[in-house]
Amino acid sequence: MSTDEHVHPFDPAVWSWNESWYFSWIDLDGGPAGFFRLGLLPNQERALIWSYVFHDGTWFGTEETRLRYDDFDLADGMAYDRFGLDFGWRASDRAGGAAGEPAEFTYHGIVRVVTGPGAGGFLPVALDLSATPTTEVYGTGTGNDLGSEQYAASRFEQSMAVAGTVRIGDQTRSVRAAGHRDRSWGPRNWRVTFTLGDLQSENAQLYFVGAPQLAERGGGYLRDASGVRPVRCIGGTVDYDDAARTIAPAQLKFATADGDELDVELVPASPSISFDMAHTCEVPEHWLYWRILVDARVSGWSGTARGWVEANRYGIA
């Protein structure tokens, strides 16, 4: 197992130091989709999770921002089992970040029905998923979250093939999904404005981050039959509906370094999930931050893809 699957040395002088596990998946046959993020905050002696599943038009899930840091088992990946909630990410001993070696993700607990006719109620949810990397890890740097010579900070992404079962209430569904994960460690400044996209199909993925104040110009990477290649956004617009926490149907254009171009159309396919951001600042400050599921058409891809759009609207809404 790669040492980057374990926790890293943290700077005791940095309040926001964050060790993050992120994992998302989208069923390729139109079934459930979900995402999970754990942020360990050692200098605050706490941890936070976002864990949500979207199925048949309804969001299910929970946001916990005050879990005790000391309640986590960090000897092999990460795991938590307290007060009727257990979850974990356990990488194969052979994985080391390499393609072909699976990791196991589990999440069992009673969660809130967030949208739909039963909104406000609770149901048991059980996720038992095996995630097999389909690419090597892809380093994407640290953005604005810089470490130091003594306390290194970094980040990587990886595409996954996901299989297993999802149980919501008394119904169990087998999933065959495309997935994505990232690992990051270092200071975490949430007070930045960005929009993230992650589009998945049977044989391809487009992952990108842009900034609204820069007319969405940004970049990311494309995974397809040619491997993994960086891309940059060269055109298009995204119109935000901040009152509804979503976007209007959008068009973007991307280009690879070798001149290939992709036209992308995005259409919202779910209500939004909003996150509580006040606790992420040492002096609490709240702003709009949300995620939706989208349907997408990408030139050169067969059929309609599904994906995520996440927007941090700091300084705007």
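## A run of antiparallel strands

Let's start with strand S14 (residues 205–210) and strand S15 (residues 218–224), which run antiparallel and are joined by six bridges. One place to look is Val 209, which stands opposite Gly 219 in S15. Keep in mind while browsing that this is a predicted model.

From S15 the pairing carries on to strand S16 (residues 227–237): these two strands also run antiparallel, with six bridges between them. Here Arg 223 has Val 228 in S16 as its bridge partner. S15 and S16 form a hairpin, and two residues lie between the strands. S15 is thus a handy strand to follow by eye, as it is bridged to S14 and to S16.

## The protein as a whole

Stepping back, the strands just described belong to a protein with 23 strands and zero helices. The radius of gyration is 19 Å, close to the 20 Å that the globule rule gives for 317 residues, so the protein is as compact as a globular protein of that length. Taken along the principal axes, the box filled by the C-alpha atoms is roughly 50 × 50 × 45 Å.

Contacts tell us how the chain is put together: of those with a separation of 6 or more, 53% are between residues 24 or more positions apart.

## Inside and outside

Of the 317 residues in the protein, 53% are buried. The accessible surface comes to about 13300 Å², and carbon and sulfur atoms account for 50% of that area.

As for charge, there are 43 negative and 26 positive side chains. The centres of these two sets lie 2 Å apart.

## A closer look at Trp 290

Now for a single residue worth a visit: Trp 290, found in strand S22 (residues 289–298). Is Trp 290 buried or exposed? Its relative accessibility is 0%, and because buried means under 20%, Trp 290 counts as buried.

Which residues is Trp 290 in contact with, leaving aside its neighbours within four places in sequence? Among them are Tyr 240, Arg 245, Thr 246 and Ile 247. The list also includes Ser 272, Ile 273, Ser 274 and Phe 275, as well as Val 309, Glu 310, Ala 311 and Arg 313. For Ile 273 there is a distance to check in your viewer: its C-alpha is 5.4 Å from that of Trp 290, with the two residues 17 apart in sequence.

Key
Residues numbered from 1 in each chain as written. Predicted model: local features only at pLDDT ≥ 70, side-chain atom pairs only at ≥ 80, totals over all residues. Heavy atoms only, no water. Helix = DSSP H or I, 4+ residues; strand = E, 2+ residues; numbered from the N terminus. Rg over C-alpha atoms; globule rule 2.2 N^0.38 Å. Buried < 20%, exposed > 50% of the residue type's maximum accessible area, 1.4 Å probe, protein only. Contact = heavy atoms within 4.5 Å. Areas by Shrake-Rupley, 256 points an atom, 1.4 Å probe, with all protein chains shown as cover. Lys, Arg positive; Asp, Glu negative; His and termini not counted. Charge placed at Lys NZ, Arg CZ, Asp CG, Glu CD. Pairing = 2+ DSSP bridges.
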